[in-house]
Amino acid sequence: MQATKVGIREFREGLSSYLESKTPVAITRHGSTIGIYVPTRPKPSQADLEALRMAGEKMQELIAAAGTTEDEIVEDFKKSRRQRRIKKS
């Protein structure tokens, strides 16, 4: 995502609007970037939370149906990452 560039004075004067924005802001002083404001995501809605809960339940069902555990999946993932790192070296 492309950041909007603004001078420090403009950022300070329009702070409330930048804080409500969903776009990152590169803050400059004399043309040089001195900081970047990256907004966080807004609080999830109740519908989002419910969808996430349902997805978690479905994932638990799929893991159980596969006859494995979360720990085994995590270990397989870690092993795969280690092998990829070794291949890159």
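Gly7 sits across from Thr28 of strand E2 in this predicted model, and that pairing is a handy way in. The two strands involved are E1, residues 4-7, and E2; they run parallel and share four bridges. Thr28 belongs to E2, and with 13% relative accessibility it falls under the 20% cut-off, so it counts as buried. Setting aside neighbours within four places in sequence, Thr28 touches Val6, Gly7 and Ile8, and also Thr33 and Ile34.

Now look at E2 as a whole. Where does strand E2 stand, enclosed or open? Of its five residues, 25-29, four are buried, so the rest of the structure largely encloses the strand. One partner is E1, in the parallel sense. Another is E3, residues 32-37, which is joined to E2 by five bridges and runs antiparallel to it. In that pairing, Val25 stands opposite Tyr37 of E3.

Follow the chain from E2 into E3 and you go round a hairpin with two residues between the strands. His30 is in that turn, and its backbone is worth a click: phi is near 55°, a positive value in a residue that isn't glycine. Is His30 buried or exposed? Its relative accessibility is 80%, which is over the 50% cut-off, so His30 counts as exposed. Put that beside Thr28, which counts as buried at 13%, and you have two quite separate settings to look at, one in strand E2 and one in the loop between E2 and E3.

Back to the inside. In soluble globular proteins, nonpolar side chains tend to be buried together. Here the largest nonpolar core has five residues: Val6, Phe11, Tyr18, Val25 and Ile27. Val25 is the residue that stands opposite Tyr37 in E3, so to speak a link between the core and the strand pairing just described. Val6 is a good residue to centre your view on: leaving out neighbours within four places in sequence, it is in contact with Phe11, Tyr18, Val25, Ala26, Ile27 and Thr28. Thr28 turns up again in that list, as the E2 residue opposite Gly7.

Finally, move away from the strands to helix H3, residues 46-65, where you'll find Ala65. At 71% relative accessibility, Ala65 is over the 50% cut-off and therefore counts as exposed. From there, how far is it to Lys88? The two residues are 23 apart along the chain, and their C-alpha atoms are separated by 34 Å.

Technical notes:
Residues are numbered from 1 along each chain as its sequence is written. This is a predicted model: local features need pLDDT of at least 70, side-chain atom pairs count only at pLDDT 80 or more; totals for chains, interfaces and linings use all residues. Side-chain values use heavy atoms; hydrogens and water are left out. Buried means under 20% relative accessible area, exposed over 50%, partly exposed in between (1.4 Å probe, protein chains only). Two strands pair if DSSP finds at least two bridges between them. A nonpolar core is a set of buried Ala, Val, Leu, Ile, Met, Phe, Trp, Tyr and Cys residues joined through side-chain atoms within 4.5 Å. Contact means heavy atoms within 4.5 Å.
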